[in-house]
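Got the viewer open and a selection box ready? Let's walk through this one stop at a time, picking a residue or an element and looking at what surrounds it.

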Amino acid sequence: MNAPNDDRRKPWHHWGMRPDHRGGVTAHQPARIGAGDGAIEIVEYDPSWPACYEAECQRLAPLLPGVPIHHIGSSAVPGLAGKAVIDMIALVDDLDAHSAAVMQCAGYQLPTRFNAHLVHRRFLCYPSASYRTHHLHLVDDQADMDRCLRFRDSLRANRELASNYVALKRGLAARFREDREGYTKAKSEFINDADSQAGVSAEPAS
């Protein structure tokens, strides 16, 4: 069974805010999720996003038996602004078989334009390639998944890093606007640097 227990959120006081103090957004309002192919939009964090992730995990669990599904991306970091899409990642032993299962039974799509150059990974989106509320990254390389989880955890633990990341994303969104590939590539240096720092801090002292 899917057990996303490692993705529980930190208390709201960790970020100096509560769900009912996010610019009028309350825990009782529906989550704002979804992004189309228009201009890249960075929105304020919605405290309902974790519940959207949990609900999708429950929907996908029967299709990925025994495979933990992890919440990643900006929507996985309390208080962090980002694109209003729920990003998830799972480590599987057969990329094609598991991709087929979520496509046939859960309505996900595997767009060629997003997958043409991927190795050891499949990028699936729901409900369509042109308008996405959820991304599912299937990987068959443990190190690939670990990098994603390490960056997420670094953002959760380091408020300065998270603030710098938001500032970068806002600047890149204005610069690239509708160039999603350029936007993603431009974030790579920041993410790689953060991952390198996380790797160094995780090394045992000599």
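## Stop 1: Ser-99

Select Ser-99 and show what lies around it: leaving out residues up to four places away in sequence, it touches Arg-122, Leu-124 and Leu-138. Keep in mind as you click that this is a predicted model. Ser-99 itself sits in helix 2, which covers residues 95-106. Is Ser-99 buried or exposed? Its relative accessible area is 3%, and with the cut-off for buried at under 20%, Ser-99 is therefore buried.

## Stop 2: zoom out

Now switch to cartoon and color by secondary structure. You should find six helices and five strands. Going from the N terminus, the order of elements reads β-α-β-β-α-α-β-β-α-α-α. The protein has 206 residues, and 46% of them count as buried. If you like contact maps, take the contacts with a separation of 6 or more: 63% of those in the protein come from residues 24 or more positions apart.

## Stop 3: helix 1

Select residues 49-60, which make up helix 1. The helix has twelve residues and spans 17 Å from its first C-alpha to its last, close to the expected 16 Å at 1.5 Å a residue. Next, show side chains for its buried residues: Trp-49, Pro-50, Cys-52, Tyr-53, Glu-54, Glu-56, Cys-57 and Leu-60. As background for reading that list, an α-helix has 3.6 residues a turn, so residues three or four places apart point the same way.

What do the buried residues of helix 1 pack against? Add strand 2 (69-72), strand 3 (86-91), helix 2 and strand 5 (131-139) to your selection, and you have the partners.

## Stop 4: strand 3 and its neighbors

Keep strand 3 on screen. It is mostly covered, with five of its six residues buried. Look to strand 2 first: the two strands run antiparallel and are joined by four bridges. To see one pairing, pick Ile-69, which stands opposite Ala-90 in strand 3.

Then turn to strand 5. How many bridges pair it with strand 3, and in which sense? There are six, and the pairing is parallel. A handy pair to label here is Ile-89 and His-137, the latter in strand 5, which stand opposite each other.

## Stop 5: the hairpin and a cis proline

Stay with strand 5 and bring in strand 4, residues 121-127. These two strands run antiparallel, joined by seven bridges, and they form a hairpin with three residues between them.

Now select Tyr-126 and Pro-127 and check omega: the peptide bond from Tyr-126 to Pro-127 is cis, with omega near 0°. For context, most peptide bonds are trans. Pro-127 is found in strand 4, and its bridge partner in strand 5 is Arg-132.

Expand around Pro-127. Not counting residues up to four places away in sequence, it touches Gly-107, Gln-109, Arg-132 and Thr-133. Put a distance label on Pro-127 and Gly-107: they are 20 residues apart in sequence, yet 6.4 Å apart in space, C-alpha to C-alpha. With a relative accessible area of 36%, Pro-127 is partly exposed.

## Stop 6: two positive phi values

Which way does phi usually go? Most residues other than glycine have a negative phi. Pull up a Ramachandran plot and find His-120, which has a positive phi near 60° and is not a glycine. It is in the loop between helix 3 (112-115) and strand 4. At a relative accessible area of 43%, His-120 is partly exposed.

Jump next to Arg-177, with a positive phi of about 50° although it is not a glycine. This residue lies in the loop between helix 5 (159-176) and helix 6 (180-202). Arg-177 also counts as partly exposed, at 48% relative accessibility.

## Stop 7: helix 4 against helix 5

For the last stop, select residues 142-157, helix 4, together with helix 5. Their axes come within 5 Å and cross at roughly 110°. That makes helix 4 roughly perpendicular to helix 5.

Which residues meet here? On the helix 4 side, show Phe-151, Ser-154, Leu-155 and Ala-157; on the helix 5 side, Arg-159, Leu-161, Ala-162 and Tyr-165. By class, the contact of helix 4 with helix 5 has six nonpolar, one polar and one charged residues.

Terms used:
Residues are numbered from 1 along each chain as its sequence is written. This is a predicted model: local features need pLDDT of at least 70, side-chain atom pairs count only at pLDDT 80 or more; totals for chains, interfaces and linings use all residues. Side-chain values use heavy atoms; hydrogens and water are left out. Buried means under 20% relative accessible area, exposed over 50%, partly exposed in between (1.4 Å probe, protein chains only). Contact means heavy atoms within 4.5 Å. The expected span of a helix is 1.5 Å times one less than its number of residues. Axes are lines fitted to C-alpha atoms, for helices over the stretch in contact, and angles run from 0 to 180 degrees between N-to-C directions. Angles under 35 degrees count as roughly parallel, over 145 as roughly antiparallel, 65 to 115 as roughly perpendicular and the rest as oblique. Ala, Val, Leu, Ile, Met, Phe, Trp, Tyr, Cys and Pro count as nonpolar, Asp, Glu, Lys and Arg as charged, and the others, Gly among them, as polar. Two strands pair if DSSP finds at least two bridges between them.
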